[in-house]
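Please open the model in your viewer with the backbone drawn as a cartoon, and keep side chains ready to be switched on as each stop of the tour calls for them.

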Amino acid sequence: MGNEGGAKSSKKSSTKANWIKLSDTEKQGVISYTKKYLDQTNNNKFKSDNFFKNVFTYISKEISSNINQYLNSFYTEKKVNRKINTEQSLEIVDLMTLAQILTKSYLDSDESIYYHKSIVLILYDMINGELFSWEKNKDDLNIETITKIFNFVILIYFNKYAKKSSTLNFNTKEIFTPEFTSNIKEFILCNILNKYKLSQDDFTIKINLEQLNDFIEKKLFSLDGFVISYFSTVLFNLEQDSNNENMTSFPIFNDPPSTLSIAKFFFYCLSNSIISSKHYAFKLYDCKVNGYNLSNLVYSFLGFTGPIIILVQHHDKVKDDFITFGMFMNKNFKECFSNYCGDDLSHILILGDKMEILKMVGDDHEHYCYISSKNQKFQKMQPGIGMGYSNGQIRFWLDANELFSKSYFGKYDDVYEEGSPFEEMEEKLEICNLEVYGFGDDDTLKDLIKKQERDKTIIDKMKKVDKSAFANNEFDREMFLSKSFSHRQVVDERARNDLENKDNK
C-alpha cells in the first residue's frame, strides 16, 4: 500500500482474487479500516506497526515478524501467482486475504486449509510464519506460543469490557505479568492433562495437537466464535456500527467477580453456550458486601428472568489455597420446600486450575436443584440450596441455617457427572464468599430493575431484624455478631450452671 494509486490498483485487483470470498460490503469495510493507517505526511505509506498493534494487540510483534512469510505460504498452497518480499509492505489484496483467513475459513467447506480448525491453530501458524506448522509438530506443540494466544484472547475480552466501563482502567503490562502468564499456562496444562494440580514434571510434558483440540472443542465451545466476531468487527470496520453489537454479544459484568479471577470467569463464559450469547452478567449478590445470609442471597435471584450461577469460594486450610466452584441454573429456579426445581441444562461447575462442567447424565430427571430460603412448618427438608441427589441426600449443599458447618460438596450422585476437586468423597466446605451472577440482555436488565424495586421493601425489613433473631443462626453469629458471641462457650456454661442450680433448689 505504497501510495494512493497503488491502493486503488490493489483494490481493483483484489476484486478479481478468486480465493477471497468477502462480500462487497466486507471488502469496502477492509478498505475503510486500513485507510486509518495511511500516513498522509509520507506519501500515504501504510503504517503496518500501528495496524498490527491495534488488530493483534498482545501478539502483534510475533504476527508482524512473520506475516509476509505466512502469506507467501498461503499463496503457494492456493497456487496464487503472488509473492511478498520480506520487507515489503502489505497491500489491500494481502489485508483482504488476512481478513478472509481470520473470519471465513473456519466455516468454508471448500476451504481445505482451515475448515473446522480452531482460530488458535490459525494464529499459531501466523506466529510461526507457515501453514500447517501445528501439523508438522503435532506431538510437541509450543506451549509458550499457545499461552500467548490465550492471553491475546483474554485481552480481547478485557478491551471489550473496558470500552463499556467508566471505572475500569488498566495497563496491559500491569495485567500480563510473568505471574499472570504463568497462571494461564498452568490453567491450559491442567485442562489439557486433565489434572486439578500439576506436579513439577507436568511442566515438561509435551503437548500434542489432539490434546489441544480436545480442550478447545470439549470445554471452550464459544472460543472460536468469540475471536472470529472480534476480527470481523475490527477488520470490516464495524466498531461504530450499533447493529454489529447485536451480532457479537458476549457477557460483560457490571461488577467484577471477587470469588475468582476475571480470566477464569471469562473462560467459564466460553464454556457455556447458553450464557456466551448474552450481553450482560449482573452481579446479583456478594456475601462480602451484602452479608452472609442465604435467605437474602436466594431472594436476590428468585424472579430473575435469565440464567444464573452461584459461585462458592472455598478455603483449603491444609494447603492454604482457594478454589471456586458453583451451580448453574438455567431456568425454573424457585422456592421448592419439599420438591425440586431446575431443568436438564443445570450443572455443577468447578473453576480451579482445571475447569469442569458436570452435566446431567443420570436417569434421575427430578432432583436437579433444591432451593428453600427459610424453615417451613411441617416440612422435613432443611432450608438451603442444593444440586444433585442420591439415596436421600443432596450432593452439593449450602445450608441456610448452618452455612459454615453443614455445607458440603460430594463427589458423585445419580443426577450429574462424577467429579470433585477434593480427595474426600464428601468435603465440608470452608466458605469464604458466595456470589450470584445473572445473565441476560436489555430486556433482562429492565426486568431486573423492576424486581429490585419490588424486593427493596423486603430487604429493608430484613435489615431491621433485631439481634435476637440471629441467635440461633450460626453464620450470622460468626459474621455479624462476633463480638457479642466471642465468649459464647463461657456464657453457655454459665447458663447451664444457673439452670442446674435452679433444678437443685
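Select Ile310 and Val436 to begin: Ile310 stands opposite Val436 in β14, and the two residues belong to a pairing in which β5 and strand β14 (residues 431-440) run in the antiparallel sense over 7 bridges. What is on display is a predicted model, and every distance and angle quoted on this tour is to be read with that in mind.

Extend the selection to the whole of strand β5, residues 308-316, of which 8 of the 9 are buried, so that this strand is largely enclosed by the rest of the structure. Strand β6 (residues 321-329) is joined to β5 by 9 bridges, again antiparallel, and at one of the places where they face each other Ile308 stands opposite Met329 in β6. Follow the hairpin of β5 and β6 through the 4 residues between the strands, where Asp320 takes a positive phi near 50°.

Now colour the complete sheet, an open one of 7 strands with mixed pairing, in the order β3-β4-β14-β5-β6-β7-β8. Its edge strands are β3 (252-253) and β8 (355-358), each of which pairs on one side only. At the β8 edge, strand β7 (residues 347-351) is joined to β8 by 4 antiparallel bridges, and the bridge partner of Leu351 there is Met355 in β8. While the view is centred here, select Lys354 together with Tyr196, since Lys354 lies over the face of Tyr196, at 4.4 Å from the ring centre.

Return to strand β14 and show the side chain of Glu435, which is found in that strand. Is Glu435 buried or exposed? Glu435 is buried, with a relative accessible area of 0%, and its side chain has polar company: one polar contact of 2.6 Å joins it to the side chain of Thr259, and another of 2.8 Å joins it to the side chain of Lys283. If you display the surroundings of Glu435, leaving aside residues up to four places away in sequence, the residues it touches include Pro256, Pro257, Ser258, Tyr285 and Asp286, as well as Ile309, Ile310 and Leu311.

The next selection is the other sheet of this tour, in which 5 strands form an open arrangement in the order β9-β10-β11-β12-β13, with antiparallel pairing. Strands β9 (369-372) and β13 (426-428) stand at the edges with a single partner strand each, so one side of each is left without a neighbour in the sheet. From one strand to the next, the twist averages 20°. At the β13 edge, strand β12 (residues 408-410) is joined to β13 by 3 bridges, the two running antiparallel, and here Gly410 stands opposite Glu426 in β13.

Keep that sheet visible and add helix α16 (residues 294-301), which lies across β9, β10 (384-390) and β11 (393-399), running at about 85° to β10. Because 6 of the 8 residues of α16 are buried, the helix is largely enclosed by the rest of the structure; the buried residues are Leu294, Ser295, Leu297, Val298, Ser300 and Phe301. Zoom in on the N-terminal end of α16, which is capped by Asn293, with a side-chain oxygen 3.0 Å from the backbone nitrogen of Ser295. Past the other end, α16 is followed by Gly303, whose phi is positive, near 95°.

For the aromatic part of the tour, show the rings throughout: the structure holds 43 aromatic pairs. One of them to examine is the edge-to-face pair of Phe152 and Tyr230, 6.1 Å centre to centre with 75° between the planes. This pair links distant parts of the chain, with Phe152 in helix α8 (residues 143-164) and Tyr230 in helix α12 (residues 223-235), 78 residues apart. Phe152 is buried, with a relative accessible area of 0%, and Tyr230 is buried as well, at 15%. Then select the aromatic cluster whose members include Phe150, Tyr157, Phe187, Phe215, Phe226, Phe250 and Phe253, together with Tyr437 and Phe439.

The last stop is Val93 in helix α5 (residues 92-103), a buried residue with a relative accessible area of 5%. Add Ile31 to the selection and draw the line between the two C-alpha atoms: they are separated by 9.8 Å, while Val93 and Ile31 are 62 residues apart along the chain.

Technical notes: Residues numbered from 1 in each chain as written. Predicted model: local features only at pLDDT ≥ 70, side-chain atom pairs only at ≥ 80, totals over all residues. Heavy atoms only, no water. Pairing = 2+ DSSP bridges. Axes fitted to C-alpha atoms, helices over the stretch in contact; angles between N-to-C directions. Contact = heavy atoms within 4.5 Å. Phe/Tyr/Trp six-rings, centres within 6.5 Å; stacked < 30°, edge-to-face > 60°. Buried < 20%, exposed > 50% of the residue type's maximum accessible area, 1.4 Å probe, protein only. Lys NZ or Arg CZ within 6 Å of the ring centre and 35° of its normal. Polar contact = N/O pair within 3.5 Å; in protein donor to acceptor, adjacent residues only side chain to side chain.
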